[in-house]
Amino acid sequence: MELEKFFEREGIGQYRRWFRDAVDAARRWQDAAREDYDFVEGRQWTRAELMRFKEMRRPAITINRIRPLMNLLSGYQRINRFDIEFKARTEDDVEICQVRKGLTKYILDRCDYTTHESAAFMDAAIGGLGWFFVGYELNEDGSDGEAYVRREDPFSIYADPEAHKADFSDSKYIFRAKWVDKDELSEVYPEHAEAIAAQFAIYDAAERENASRRDELLWYKRELQKVRLVECWYKKRETKTTFVLATGEEIPAEAVTPELFLQGLIVAPKVTNLPVVKVCVFFDNVLLEDMESPYQHGEFPLVPLTCYYYGIGGDEIPAGFVRDLKNPQREINKRRIQQLDILNKIGNGGGFIEDDAMTEKQFAEFERYGSIPGHFQKVRPMVLSQGKILERPIGQYPAGVAQAETQATADLTAISGINEALMGVDIPSGSSGRAIELKQRQSITHLAVIFDNLRTAKKKVANLLWGRRGHAGVIPQFYTAEKVYRVEGANGQKFITVNQQVAEQDPIAGVIVHTLNDLSQGEFDIVIADVEASTTQRQAQMFTLVDAVSRLGVPGDLVFDIILDLSDVPHKEEIKQRWQERQESQAKAAQSEMQMKLHLEEIKNQDSRQVINFRDAPPPIQLAMAAKAGYIDSGVVERVLANWIAATFPQEAAEQQAEAQAQAEMPLDVDEPPVPARQTQPQRGRALTQAAAESLMRGMMPAI
């Protein structure tokens, strides 16, 4: 009693009681979950059943139909992974959201998150409960570290038994325990080496005296000589005083300086009573450390992933797919043993033998070798002729036994909902998207619960990595130095620099330092984008449009952007932008080509008119047109035209020559314009005017 009071005074007594209560409450789930894992691994018979089969000389046959179903479910999860997206709340946060997305992917790749996620997913699918731990650890040399997300052994996590929410968010405490030896413990906590040695001395003394403490099994394993090291994350309400600045920001009391008061920036103190996350580490009676959580996000770093668990009542425990498949699996195994036993018995029909038909030696030989094919059994003389041995006819194998096993096999897929249609392997290649969607509806609907829980768990992981307003996550808290990271960008891998300090010279304020890609700034929402695990109306609409394109001849470019919006393809906004740029480029090219065709057609028409006029014109006019095109010397053409006009129209040529000579001899009066000579005789036939002649001389078309 005095020892218990000492523990209570030291503060470890409460932690010990919490842990004992959590272990007792978790025992029911652990027993059921261990059996679930045994069935997946093929250990499907109890020790008592194996002993009974041995006595009955029957083989313990195991036809493991559960493992292939779990492998199929695991494969479906691996090819339908969720992606973390960051949605900016303002236009100023768009670029930093892209940085966050790239850095998140970098961190998850570094810690091999996909492997841990698949392992935790199978923990939930098999036993009903899986766990993630989101943390930060330094490198071995103590410089710089990395954030990480790891899967935790679900049998080493113990939650508050009074928590009633499905995500354990109302837990007052969560324990993480593991078995360690004395040397490992002393190496991690050298300041407590004496207390550790003293506690192990108590265990050694109890072992030598062949005595056992009541709760030794809870803390100590004799065969391994290891103790259970317990890490307890718990919430405790504490009163904290903060100060409100004129900017509306709140700062802790330790950050207040006299300068803030002198500058009038302190508005008023603020007293709050909020839950604070703390962590303590202990084993048995030794408290190794008890401090405030090293993480500023104000949450437990443990994230649960459940399959079937609704958090109602005190008797409910998490369950996975295997929990309901064990009875059909037992029936399959027992039916197969029964089939084999029936086949062995009907193979030897047996019969009836009178007491004096065999000697004792002969009967012993018959019991030993009678069922072996080809064995000849000796009997007393005249026994066979007297009919003292009567063979029983071989019976027929009951068809109902085989049908019962077939029904049990069908029950496995019906209960779990995991079948070949889930992967589409039994769907004809010519099936439409709608047919595929309907075929997979039953399986996907069964799986919607666990995939929705996985989406929720991954969002919780992202929130712990980045935090929320006023509560920095692991990345903003520890990734404060300027550093270059290689991340996956829109056009492949690229290098980005985070927390980059840039100095600018301001004529008034002087030197101003800005931080580029500041991981602690910006407003964003976290969205888990994925290839839908459940059939939705949006998917049905997408399949309808795809079928319309492939079967009804609807132009694909007409609805491509709509199909892309309805899909869950990664980087679809970037794809849409590229597609739109390509469409605009093709439209411009088509417009340029059309304009070129119209221009060529116009030139062609002009050339056609010129060809027709050229062919219909007299030879001298053809020469004039040729001279205009530059094919003949214009001087030669003028002389030819003058001779042709003089020969063809001699009278008109003479009159025009006389008029020209008269005008040349007439004195020029500057006040009055020259009066042209009046035509004394009307034109005959196709006489040319002076304008026509001049136009011909200039190589123009004649004005007939």
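Which helix lies across β2, β3 and β11? Hold that thought for a second, and keep in mind that what we're looking at is a predicted model.

Okay, the answer is helix α6, residues 113-127, and it runs at about 155° to β2.

Now let's look at what α6 is lying across. Those 3 strands make an open sheet, in the order β3-β2-β11, with antiparallel pairing. Quick reminder for anyone new to this: strands of a sheet pair through backbone hydrogen bonds, and they can do it parallel or antiparallel. The edges here are β3 (145-152) and β11 (302-306); each has a single partner strand, so one side of each has no neighbour in the sheet. From one strand to the next, the twist averages 20°.

Let's zoom in on one pair. Strand β2, residues 129-138, and β3 are joined over 8 bridges, in the antiparallel sense. Over in β3, Gly145 is the residue standing opposite Leu138.

Next stop, the surface. Ile353, Phe363 and Phe366 together make a nonpolar patch of about 220 Å². Ile353 belongs to strand β12, residues 351-353. So is Ile353 buried, exposed or something in between? Its relative accessibility is 31%, so it counts as partly exposed.

Last, let's zoom out to the whole chain. You've got 22 helices and 20 strands in there. Of the 704 residues, 36% are buried. The chain exposes about 43,000 Å², with carbon and sulfur atoms supplying 53% of that. And if you take the contacts with a separation of 6 or more, 67% of them are between residues 24 or more positions apart.

That's my tour, thanks!

Methods:
Residues numbered from 1 in each chain as written. Predicted model: local features only at pLDDT ≥ 70, side-chain atom pairs only at ≥ 80, totals over all residues. Heavy atoms only, no water. Patch = residues over 30% accessible without salt bridge, like charges linked within 9 Å, V, L, I, M, F, W, Y side chains within 5 Å. Areas by Shrake-Rupley, 256 points an atom, 1.4 Å probe, with all protein chains shown as cover. Salt bridge = Lys/Arg side-chain N within 4 Å of Asp/Glu carboxyl O. Helix = DSSP H or I, 4+ residues; strand = E, 2+ residues; numbered from the N terminus. Buried < 20%, exposed > 50% of the residue type's maximum accessible area, 1.4 Å probe, protein only. Pairing = 2+ DSSP bridges. Axes fitted to C-alpha atoms, helices over the stretch in contact; angles between N-to-C directions. Contact = heavy atoms within 4.5 Å.
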